[in-house]
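User: Please go through this model with me, taking the packing of its interior before the sheet and the helices.

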Amino acid sequence: MERRHFLSRTTAAGAATIAAGTLTATAVNTWTATAAPRRTGPLRVHIVMFDGVEELDCIAPFEVFSAAAMHDPRGVEVRYVTTGQPRQIRASYGTGIQVTHRWAPEEADLIVVPGGGYARRNGPGIWAEIADGVLPKALAAAPRKGLTISSLCTGALLLSAAGLTKGRPCTTHHGAKADLKEQGGIVKDARVVDDGDLVTAGGISSGLELGLWLVKRELGADAAIGVETMLEYEARGTVWTPSSS
């Protein structure tokens, strides 16, 4: 906690400088399928939660986007959300995570769908969510102009169940790529695959790369560098975009 407070203080001056307009964010290609309206408020990130979710899948992007709030004058709002009643979610290894927000895709700029439970066909996790049908149906109805839907690890199979990856470049955990391909996804061997309003990332730890890439894309390179410095972590692997194919 003391380290966080120290890092927060050391980045405050930089954030103030950005707010004053003395630094300019580096422009990046977003490759959106349709032009999104220019955002003037905070970047609104909703991370979808369900029983059996992999701890690192949901915590890594939460950390990255929360840290990014200190590196952009508009800020970032990060929420855990659930399609069910707000409650304590029991994650894959038993961690209890309190979720206080309901599913509200109309209030998000970015939705992040974690994975978890791929090896438990009859247990909590992605297969239980797919069998239940509520989350895939909600995801299928969510796309709209200005919204990016993303996943990491086996969360891509939830997007697939919603019909969102069929015929589109995507990726997932190496052990689930055959499933994703069989279901119609155009699977790329990349750490992150950015197809505009659909962004997917590979394995369990790829939430760091997904978060850092989307921070760079949405807030600029300066913000991403600031988060990397704060976390003492540099993004690894290849980001696939249409221009890199």
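User: Which residues does M49 touch, not counting residues up to four places away in sequence?

Analyst: This is a predicted model, in which local features need pLDDT of at least 70 and side-chain atom pairs count only at pLDDT 80 or more, while totals for chains, interfaces and linings use all residues. Residues are numbered from 1 along each chain as its sequence is written, and side-chain values use heavy atoms, with hydrogens and water left out. With contact taken as heavy atoms within 4.5 Å, and leaving aside residues up to four places away in sequence, M49 touches C58, Y80, V81, T82, I89, I97 and V99.

User: Which residues have the most contacts inside the largest nonpolar core?

Analyst: A nonpolar core is a set of buried Ala, Val, Leu, Ile, Met, Phe, Trp, Tyr and Cys residues joined through side-chain atoms within 4.5 Å, where buried means under 20% relative accessible area, exposed over 50% and partly exposed in between, with a 1.4 Å probe and protein chains only. The largest such core has 58 residues, and those with the most contacts inside it are V45, M49 and F65.

User: Which strands stand at the edges of the open sheet, and why is one side of each left without a neighbour?

Analyst: Strands here are DSSP runs of E of at least two residues, and helices are runs of H or I of at least four, numbered from the N terminus; two strands pair if DSSP finds at least two bridges between them. The eight strands follow the order β5-β2-β1-β6-β7-β11-β10-β12, with mixed pairing. Because each edge strand has a single partner, one side of each lacks a neighbour in the sheet, and these strands are β5 (101–102) and β12 (239–240).

User: Is D194 buried or exposed?

Analyst: D194 lies in strand β10, and its C-alpha is 5.9 Å from that of W240, although the two are 46 residues apart in sequence. Since its relative accessibility is 0%, D194 counts as buried.

User: At what angle do the axes of α7 and α8 cross?

Analyst: Axes are lines fitted to C-alpha atoms, for helices over the stretch in contact, and angles run from 0 to 180 degrees between N-to-C directions. The axes of α7 and α8 come within 6 Å and cross at roughly 145°.

User: How far apart are the end C-alpha atoms of helix α2?

Analyst: The expected span of a helix is 1.5 Å times one less than its number of residues. For the 14 residues of α2 (residues 55–68) this should therefore give 20 Å, and the distance between its end C-alpha atoms agrees, at 20 Å.
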